[in-house]
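Colleague: Could you take me through one part of this model, the packing of a pair of helices? A word on the ligand surroundings would be welcome too.

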Amino acid sequence: MRYLSTVILSLTFVFSTVGHVKAEADREKLLKEAGVYATFAVFKASEQWWHVEPHTRALATTDVKKLLTTYGDKLTADMYLLRGLSERADILIRIHSKEMVHNQNFLVDMMATGFGKYFTQVNAFNGITKALNYVPNFPDELKTELKTPPPQGSTYVVVVPIQKDAEWWTTSQDARIRMMKEHTDATVAYLKTVKRKLYHSSGLDDWDFITYFETSELSDFNNLVTGLLQVKENRHNRTFGSPLLLGTIRPLDEILEILAR
Ligand code: HEM
């Protein structure tokens with residue numbers, strides 16, 4: 001598989017010459033801990049960008065790399081290619097940091113670079129990572145299943161923002177645990193091929209959750225979602241996607257090279 005050897009790109013430490021170990025440790029923590037703020041920023045290149053000379057475009061992309069180094073101690077950012085799979089957008093940048101203001105500062109500075117000024121932001125989703133709400137009440141067997149190691153080096157990324165209905169939030173915790181157990185039972189067959197991460201967005205965005213997935217098996221992902229659409233909890237999904245983002249996970253240099261072509 002072409003991208004198997006490519007760990008999801010850590011923009012932070014690929015280009016950082018100092019603080020390498022620290023940046024790496026921070027990234028691991030930022031991707032794992034609760035209380036981390038995430039921003040999903042989606043951009044589309046303007047028509048002018050494609051008329052700029054390829055050499056100048058290639059130079060502009062180095063601004064992005066420099067900026068990533070500058071912010072290396074504050075945040076970690078991953079870039080994904082949406083171009084071709086979306087008519088609305090070309091790139092997605094997923095940022096994690098301990099303060100939402102860092103995410104904003106990075107994006108504002110990025111938009112001011114020779115690269116960023118040619119890109120229009122078409123979406124921004126904000127969320128925070130939290131401790132598990134339902135899993136602690138699941139049976140031990142299911143808890144053990146959930147420890148199945150997720151796939152590494154996946155080719156695709158999928159992001160689905162979700163808004164629940166008012167009834168979900170007024171339903172008792174016990175009834176929600178039952179529904180989330182049913183949700184989880186429908187997913188265990190996909191633990192080996194789908195990696196997931198959940199962000200809570202109520203009050204920080206129009207959404208309640210931003211769900212993030214990595215997989216190399218889009219047919220599994222399609223079956224997984226079809227299965228989840230059949231459980232009771234789905235009746236409480238007022239908005240599911242719209243927009244849903246599908247893209248590929250590639251090294252930063254490859255994405256920038258594609259955008260400079
Ligand atoms: C391998 C696939 C999946 C697994 C193993 C899985 C498992 C889980 C688990 C265990 C929880 C409860 C977390 C907690 O205790 O707080 C959860 C929550 C959630 N999942 Fe999934 N899930 C998967 C796929 C999906 C998909 C495809 C979607 C929708 C696109 C989704 C949407 C959600 C949402 C919105 C929540 C939060 C519900 C809430 O806190 O009210 N999940 N999932």
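Modeller: Happy to; here is the helix pair, followed by the ligand shell. This is a predicted model, in which local features need pLDDT of at least 70, side-chain atom pairs count only at pLDDT 80 or more, and totals for chains, interfaces and linings use all residues. Residues are numbered from 1 along each chain as its sequence is written.

Two packed helices are described by the angle between their axes and the distance between the axes. Helices (H or I, at least four residues) and strands (E, at least two) are DSSP runs, numbered from the N terminus. For helix 4 (residues 54-70) and helix 10 (residues 252-260), the axes come within 8 Å and cross at roughly 145°; axes are lines fitted to C-alpha atoms, for helices over the stretch in contact, and angles run from 0 to 180 degrees between N-to-C directions. Helix 4 contributes Pro-54, Arg-57, Ala-58, Thr-61 and Val-64 to the contact, and helix 10 contributes Leu-256, Leu-259 and Ala-260 (C-beta atoms, placed from the backbone, within 7 Å). By class, that contact has 6 nonpolar, 1 polar and 1 charged residues; Ala, Val, Leu, Ile, Met, Phe, Trp, Tyr, Cys and Pro count as nonpolar, Asp, Glu, Lys and Arg as charged, and the others, Gly among them, as polar.

Now the ligand: 21 residues surround it, and Leu-132, Asn-133, Tyr-134, Val-135 and Thr-187 come nearest (near means a C-beta atom, placed from the backbone, within 6 Å). Elements giving two or more residues to this shell include strand 5 (156-164) and helix 8 (173-185). The shell has 15 nonpolar, 5 polar and 1 charged residues.

Key:
Two residues are in contact if their C-beta atoms, placed from the backbone, lie within 7 Å.
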